[in-house]
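Subject: Structure for your study

Dear colleague,

Please find below the structure that I promised to hand over to you. I would be grateful if you kept it open while you read the notes that come after it.

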Amino acid sequence: MKSVEIFTDGACSGNPGPGGWGAILKYGEIEKEISGGEAMTTNNRMELIAAIEALSLLKEPCAVNLYSDSLYLVNSVSKGWLFSWEKADFKKKGKNVPNTDLWQRLLPLIRQHDVNFIWVKGHAENPYNNRCDEMAVNEWKRIKG
């Protein structure tokens, strides 16, 4: 099984407002950068979309270390909240779980791959996280005009 590293970040101006995401996929010496954005979104949605878009590019099952500064993303998966929400039909205390559409897109991807979600401190010493943040901010700035 191939080992891949993925670094992701999302950013939003206004929350909700224009948002962007960035991701870097690293396989050995090969690196691929991807980014995108939406006109009206939230930071959490951008964090999730970055992970979804990056994992979607993998053409075969891989062992993945996915690095994110989003505790929302990392904890939702590693603490098992996502799987509890799935069992409860994406309801929590009788209300819909926010971003259900994105969680439902993420679930088959993390089941296809062996994904280890790792939290990294944002805006710190990690050059890959900083580059993802730069791409995400550039996307929302482009959208905002």
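The paragraphs below set out what was found in this structure.

Please bear in mind that this is a predicted model.

I begin with the interior. The largest nonpolar core has 33 residues, and those that touch the most other members are Ile6, Leu55, Val64, Leu66, Trp103, Leu106 and Ile110. Several elements give two or more residues to this core, among them the strands β1 (2-12), β2 (17-27), β4 (62-68) and β7 (114-119), and the helices α1 (43-56) and α4 (100-112). The largest share, 8 residues, comes from α1. Apart from this core lies another one of 6 residues, including Phe7, Ile24, Val120 and Met135.

Two residues of the interior deserve a closer look. Beyond its neighbours within four places in sequence, Ile6 is in contact with Ile24, Leu25, Ala54, Leu55, Leu58, Val64, Asn65, Leu66 and Tyr67. Leu73, which lies in helix α2, has a relative accessible area of 0% and is therefore buried. With residues up to four places away in sequence left out, Leu73 touches Glu47, Leu48, Ala51, Leu66, Ser68, Trp103, Leu106 and Phe117.

Next, the strands. Strand β4 is paired on both counts listed here: 7 bridges join β1 to β4, and the two run parallel; 6 bridges join β4 to β7, and these also run parallel. You can follow the pairing residue by residue, since the bridge partner of Ile6 in β4 is Leu66, and the bridge partner of Leu66 in β7 is Phe117. Of the 7 residues of β4, 5 are buried, so this strand is largely enclosed by the rest of the structure. As a general point, the side chains in a regular strand alternate between the two faces of the sheet.

The aromatic residues come next. A search of the whole structure finds 4 aromatic pairs. In one of them, the ring centres of Phe7 and Tyr128 are 4.5 Å apart and the ring planes are at 20°; planes under 30 degrees apart count as stacked, so this pair is stacked. The pair links distant parts of the chain, for Phe7 is in strand β1 and Tyr128 is in helix α5 (residues 127-144), 121 residues apart. Are the two residues buried or partly exposed? Phe7 has 5% relative accessibility and counts as buried, whereas Tyr128, at 22%, counts as partly exposed. Together with Tyr67, Phe7 and Tyr128 form one aromatic cluster.

Finally, I draw your attention to two acidic residues. Asp9 is in strand β1, and Asp69 lies in the loop between β4 and α2. Which side chain of opposite charge is nearest to Asp9? It is that of Arg131, 11 Å away; Asp9 is buried yet has no salt bridge. Asp69 is likewise buried without a salt bridge, and the nearest side chain of opposite charge, Lys121, is 11 Å away. Not counting residues up to four places away in sequence, Asp9 touches Asp69 as well as others, including Trp21, Glu47, Asn129 and Asp133. By the same count, the residues that Asp69 touches include Thr8, Asp9, Trp119, Lys121 and Asn129.

Yours sincerely,

A colleague

Key. Residues are numbered from 1 along each chain as its sequence is written. This is a predicted model: local features need pLDDT of at least 70, side-chain atom pairs count only at pLDDT 80 or more; totals for chains, interfaces and linings use all residues. Side-chain values use heavy atoms; hydrogens and water are left out. A nonpolar core is a set of buried Ala, Val, Leu, Ile, Met, Phe, Trp, Tyr and Cys residues joined through side-chain atoms within 4.5 Å. Buried means under 20% relative accessible area, exposed over 50%, partly exposed in between (1.4 Å probe, protein chains only). Helices (H or I, at least four residues) and strands (E, at least two) are DSSP runs, numbered from the N terminus. Contact means heavy atoms within 4.5 Å. Rings of Phe, Tyr and Trp (its six-membered ring) pair if their centres lie within 6.5 Å; planes under 30 degrees apart count as stacked, over 60 as edge-to-face and the rest as tilted. Lys and Arg count as positive and Asp and Glu as negative; His and the chain ends are not counted. A salt bridge is a side-chain nitrogen of Lys or Arg within 4 Å of a carboxyl oxygen of Asp or Glu. Two strands pair if DSSP finds at least two bridges between them.
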